[in-house]
Amino acid sequence: MKSKSRRRSASWTQTGQHPQTEAPPAKRKRNPLTVSTVIPAALAPLAATFRAANSLDAFRAASTASGQPLSLDSIARALPVAPALSPEMVLLHAKCIALLAPNIVSLDHVQKGVFDTDLEPALTFAADDGDDNPLSRMSKAERLQCGFGFSSIGDRARKKALANAAEKISAREALFRNALADFAHSCNPPELDQTQKNNTSYIWEALVSKVIQKEASGGFNADFEDKIQGTFLNLNDFLAGIKNDPGYRNQIPDGCWKVDEKRHARFGTLINPLPLKLQKALLTVKGISRLYEHQAEAINELDRGNHILVSTSTARYFDIFAAFSADDNNFRSGKSLIYQVETLKKMLLNPAHRSLYLFPTKALAHDQHSSMEALMHAAGINGCVAPYDGDTSFSKREEVLSTAKVLLTNFDMLHRSLNETGIFSTRWREVLKNVAVVVVDELHYYAGTRFGVHCAMIIRRLKRIFDAMENVDVRFIACSATIGEADGVMLMSRFFALKPTYVRVVSANGAAIGRKHWLVWNPPLLAVPPESSQSDIERTTRSEDGSKASWKGKDYLARNPNVLFNSVPTTQIPDFGSHLDAVDKAIQCATTEHPLTQEGLAEFVSTLELQDTLAESVLTKVENNLRWDPKFAVYFADTRFDGDPARTYGIRDDSEEMDGVETDCSRFDCGYRVVDVGVEMANDDIEYVEYSRVFFTLYEGAIFIHKGQSYLILEVDHTRRVARAQKTNAKHTTRIRDYAVSDPHVIHSSMTIAGSTDLAIHGGLVKVTTISTGFNKLLGRRILEIVEGVGAPAGRMEAYARGLWIPWQNSVEVSAPGLHAAQHAIWKALTENEPGAGAGSVWWSWDSLNM
């Protein structure tokens, strides 16, 4: 108590005033900046991006130090969930921020991962280590404590850390908002009327123009290469080090290292400018003000009335310089932007227009959902983008068809929907008569296969309905990254039943591309079986006289690297002649979708472009399988289809009809229904499983995964083709234990191999029997339990395929590598001379062996 009195007396003596009347201490001088600065609405999203980056940097600096780069991915994750910004838009925001506030933040780079040498753009806030930095008043220990979480430190230290971080956030926020306000004021010329001033979008457009000007002068890329020089090991030095290694044995032969230099983006010009609303939508959502050369070319061809195949490589930046190039506007080659722009143009021209997007996988469809919907809303187009696939519940399908402007679907769903509804249904009438754009992504996925033939026939069925509804101005757009220009025109015209004169292939990629290194590594042969030699392998291959690119042992590509570097991919064209039963089934479906006359049938068959004799044969066969109604002069489907041919086969698991062979898939309803027995409504199907997958996925005790939810298969009724499932929280998965046996079934032809008296080769049908011995319960890759003795009926599945086989005599001596090489040689001899080669096709003939 005495000490306290002394302190009070001292205070009285020093000030000369009574403590109660002492003047209050001087308040701490506040920063004159304020975060309440009003900014235009058009710049609000930019302010939100800065706020997210600012907060991340400030609180991270509380535990370490400021000045560390912030990846754009981390900034995007800190933004509000809605509205979501595309990666391109986040990059544009980063450039705008760096332009407006160069003293606060700069555009930099960051390594993607610990073991990933690729770099990506990042924002780096200036390191404030002076007295003005609120965080500099924290001790190093306090910063480290904050790094382990604010809950682990004392209350006083926690409050101090939070206060300092908040002060730093507020100060930088005020600086940036003032910079926004100053820029907005400079973009407010007096000649604008009040209405134009109220619409602040012109401010954002002016800011983007400033960014483009800075990029054109190399502003964001200035001194960038010098900045990161030495960050990563130079590839030339790395390879030189390998070649100097004692273990190097010329694994990179001469000519096996090719370098494609980086290339800046090339932009094109549109013959018809985009609508103003669409221009603003592209700028707002994707930050795009100019189109790449191939994008402009494709849109120009569509405006001329042509159908297009966009076959440009997928643009992935192999070095950061391409990502920062002064003429780059997004991270991808931009194939999807082409059909998005065409779709939006049609909708702005006529709000009733719809579009069909067909994808081979649901993941690809999901990628387009949010991007397309954001563009629609930014362009002021009412409606939505919605998936219409097997996961769309029956209760929502009506709503999707009535409201969705863009349907994301697949050929499986379209196959069933067309036959289920046809022209007489009100469900699809409004959709099909207003479809303006049909997009098929990853066209190469359908080339040269039986599945592709089914899909091409579905396109023909779809076009018949378009014609019946007088919807004749539909644009067909396909995308791929692996189809050459020569094959592209033929594939596009055959797949979509189009005249080649109205098909254009756009293959010149205008996107920026980073430097690429191509190398062929030729590993040394470390161990050679004593019974084999190089001559064993080469003796079993075809001579060079019979093949321009014959295989000559293990190092063929190392000795001929240009085959890899300069080769143009070839694409197989749909071979309708080898799948006439699939053609017949499609025509059966077509009769239920719209009345089919004799003239209509002849026209339908003519789109297959078969040889005259084969076309006549096909027409006769199809006519015999249909029912002719003389009263109405139209064909109807055969009675065996019960008025619904599409439900009798699936386009993925449908097998070729073979003479003398009756397979399970030749029966109706090939697939199995998976029913959830844990719901109140009976027969609630959760998924339809193709026949080819049933053996491997549906068996008692199996874990079946649907939309991320695990189901336990309780029972499989193979007579009714129904699997009953129940939700489970089990963490393990299951995998069937099986092995396959192949046996010759029917010999169609035989011949003796040249130079041999007893070695024959046979061709015909091969019976493949897959036998199940049970299944494994797995946790990751670890086997928890082996369950024996369950599976498909009788624990086996039988299938038939066309094949070749050589009856081997025990007296004939040959090495195992020689046998393997012979297998590849025969396969190559068969496929290289038959352009229509494909799975399930009659793709071989004895003449093609040339032995």
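A residue is taken as buried when its relative accessible area is under 20%. By this criterion L207 is buried, because its relative accessible area is 0%. The model examined here is a predicted one, and L207 serves as a starting point for describing its interior.

L207 is located in helix α8, which comprises residues 201–216. When neighbours within four places in sequence are set aside, the contacts of L207 are with L43, L46, C96, L99, L100 and F183. One of these partners, L43, is separated from L207 by 164 residues in sequence, yet the C-alpha atoms of the two residues are 9.4 Å apart in space.

The protein as a whole contains 29 helices and 23 strands. Of its 851 residues, 45% are buried. Contacts between residues at least 6 apart in sequence were also classified by separation, and 71% of them join residues at least 24 apart; the contact between L207 and L43, whose positions differ by 164 residues, belongs to the protein's contacts across such separations. The accessible surface of the protein amounts to about 44,200 Å², and carbon and sulfur atoms account for 53% of this area.

Two cysteines were considered individually. C187 has a relative accessible area of 12% and is therefore buried, the cut-off being 20%. C479 likewise counts as buried, because its relative accessibility is 1%. No disulfides are present in the structure.

Helix α26 was analysed with respect to both its length and its faces. The helix consists of 14 residues, 612–625, for which a span of 20 Å is expected at 1.5 Å a residue. The end C-alpha atoms of α26 are 20 Å apart, in agreement with that expectation. The buried residues of this helix are A615, V618 and V622. Viewed down the axis of α26, these buried residues fall within an arc of 65°, and they therefore line one face of the helix. The other side of α26 carries the exposed residues D612, T613, E616 and N624.

The packing partners of α26 are likewise helical elements. Its buried residues pack against α24, spanning residues 580–593, and against α25, spanning residues 598–606. The face lined by the buried residues is thus described by A615, V618 and V622, whereas D612, T613, E616 and N624 are exposed on the other side.

Terms used
Residues are numbered from 1 along each chain as its sequence is written. This is a predicted model: local features need pLDDT of at least 70, side-chain atom pairs count only at pLDDT 80 or more; totals for chains, interfaces and linings use all residues. Side-chain values use heavy atoms; hydrogens and water are left out. A disulfide is a pair of cysteine sulfur atoms within 2.5 Å. Buried means under 20% relative accessible area, exposed over 50%, partly exposed in between (1.4 Å probe, protein chains only). Helices (H or I, at least four residues) and strands (E, at least two) are DSSP runs, numbered from the N terminus. The expected span of a helix is 1.5 Å times one less than its number of residues. The arc is that of the directions from the helix axis to the C-beta atoms. Contact means heavy atoms within 4.5 Å. Accessible areas come from the Shrake-Rupley method with a 1.4 Å probe; for residues, only the protein chains shown count as cover.
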